[in-house]
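Me: Could you take me through one part of this structure slowly? I am new to this and would like to see how the pieces connect.

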Amino acid sequence: MKFMLDTLNLDQISYYQAILPLAGVTTNPSIIKKEGKIDLFHYLSEIKKVIGQADLHVQVVGETKDDIEQDAQTIIEQLGTETFIKVPVTEAGLATIKSLKKKGIRVTATAIYTEFQGYLAIAAGADYLAPYYNRMENLNINAANVIHALVEEIHRTSSKSEILAASFKNVGQVNQACRKGAQAVTLSPSVFAQAFNMPAIQQAVNDFHNDWRDTFHTENIHS
Ligand code: E4P
C-alpha cells in the first residue's frame, strides 16, 4: 500500500515525512486555499525538497481542454516532468487525459464519484484514479463497491492504472479501500492522527514501560 498525504501544510508534511513510509503528497485547489494566497510554485518546490523522491500530485484548474493542457504545461515547467497532473474526469478532463498520456505525461484522474468515470479513465490510460470515498458515501454511493469494480477492470484489461483512493474522513473508510484492492490512499494529517490516537495503544505502551521499570529500575534497555 502506498500512503500519501492530502495536504499542502509544510509543517504537517515535514512532521509526517519523518514518521510515515510516505509515497507522495496530493493537492487540490481547496487544499491550497487552506494555506492562503501563497506563492504556489515556490511553496510546492519547498515541499518537493522535504519529500525527496516521493511523488507530487498537482491539480489543474482550467475547465476547457486547452486551459487544462496549459495548466498541465505550467505545472510541468515549474515542477518537473515527474509531477503527476491531477485532472478531474469531466468531458474536457477526459479529452485532456488522453492527450496528456499521448505525450507521456503522468496523470492522476480525479473527482471520481462513479464506476463509469473510472472505466473511462482506465481506458484513457490514467496512471492513477482518485475515487472520492467519503464524498461517495455522502451521496449514498457504495464507495467500496466502486473501488472493487475498478480494481477488477484494471485486472481484466491488464491496465497499468492504480487506484489512489481519496477523500477519507476516518480510518475505517481507509481500511475498506485497502481491502477492496486500492493500491494507494491519500489521507489528511487528521486521519493519520486519528489512527494513532487510540487510547488502548498508548495504554499498552505505558504498561510495558511500567513493567520494565518495576523489574529493572531503569527507563530503557540501553541505560
Ligand atoms: C484528493 O486528492 C482529493 O482531492 C481529496 O481527497 C478530496 O477530499 P475531500 O473530500 O476531503 O475534499
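Which residues make the nonpolar surface patch, and what else is worth a close look, especially among the salt bridges?

Reply: Happy to help! Please keep in mind that this is a predicted model. The nonpolar surface patch is made by Y15, I19 and F196, and its area is about 350 Å². To find one of these residues, look in helix 1, where Y15 sits.

Now for the charged side chains. The structure holds eight salt bridges, and we can visit a few of them. Start with E46 and K49, which form a salt bridge whose closest N and O atoms are 2.9 Å apart. Both residues belong to helix 3, which covers residues 40-51, and because they are three residues apart there, about one helical turn separates them. How exposed are the two partners? E46 has a relative accessibility of 24%, so it counts as partly exposed. K49 has a relative accessible area of 62% and is therefore exposed, the cut-off being over 50%.

Helix 3 also holds K48, and this residue has a partner elsewhere in the chain. The side chains of K48 and E82 meet in a salt bridge, at 2.7 Å from N to O. Here E82 is in the loop between helix 4 (65-79) and strand 4 (84-88), so the pair ties together parts that are 34 residues apart in sequence. K48 is partly exposed, at 26% relative accessible area, and E82 is also partly exposed, at 38%.

From that loop, step back into helix 4. K65 and E69 both lie there, four residues apart, which is about one turn of the helix. They form a salt bridge as well, and the closest N and O atoms are 3.0 Å apart. K65 is partly exposed at 32% relative accessible area, whereas E69, at 15%, counts as buried because the cut-off for buried is under 20%. This pair also has company: K65, E69 and K103 are linked in a network of salt bridges.

Let us finish with two buried residues, D6 and S161. D6 is in the loop between strand 1 (2-5) and helix 1 (10-17). Its relative accessible area is 18%, so D6 is buried. What does D6 touch, once residues up to four places away in sequence are not counted? The answer is T26, T27, I31, T186, L187, S188 and P189. With one of these, T26, there is a polar contact between the two side chains, at 2.7 Å. For a sense of scale, D6 and S223 are 217 residues apart in sequence, and their C-alpha atoms are 40 Å apart in space.

S161 also lies in a loop, this one between helix 8 (143-156) and strand 7 (162-165). With a relative accessible area of 4%, S161 is buried. Its side chain reaches the backbone oxygen of A126 at 2.6 Å. Leaving aside neighbours within four places in sequence, S161 is in contact with I122, A126, D127, L129 and I154. So A126 comes up twice for S161, in the list of contacts and as the owner of that backbone oxygen.

Note on methods: Residues numbered from 1 in each chain as written. Predicted model: local features only at pLDDT ≥ 70, side-chain atom pairs only at ≥ 80, totals over all residues. Heavy atoms only, no water. Helix = DSSP H or I, 4+ residues; strand = E, 2+ residues; numbered from the N terminus. Buried < 20%, exposed > 50% of the residue type's maximum accessible area, 1.4 Å probe, protein only. Contact = heavy atoms within 4.5 Å. Polar contact = N/O pair within 3.5 Å; in protein donor to acceptor, adjacent residues only side chain to side chain. Patch = residues over 30% accessible without salt bridge, like charges linked within 9 Å, V, L, I, M, F, W, Y side chains within 5 Å. Areas by Shrake-Rupley, 256 points an atom, 1.4 Å probe, with all protein chains shown as cover. Salt bridge = Lys/Arg side-chain N within 4 Å of Asp/Glu carboxyl O.
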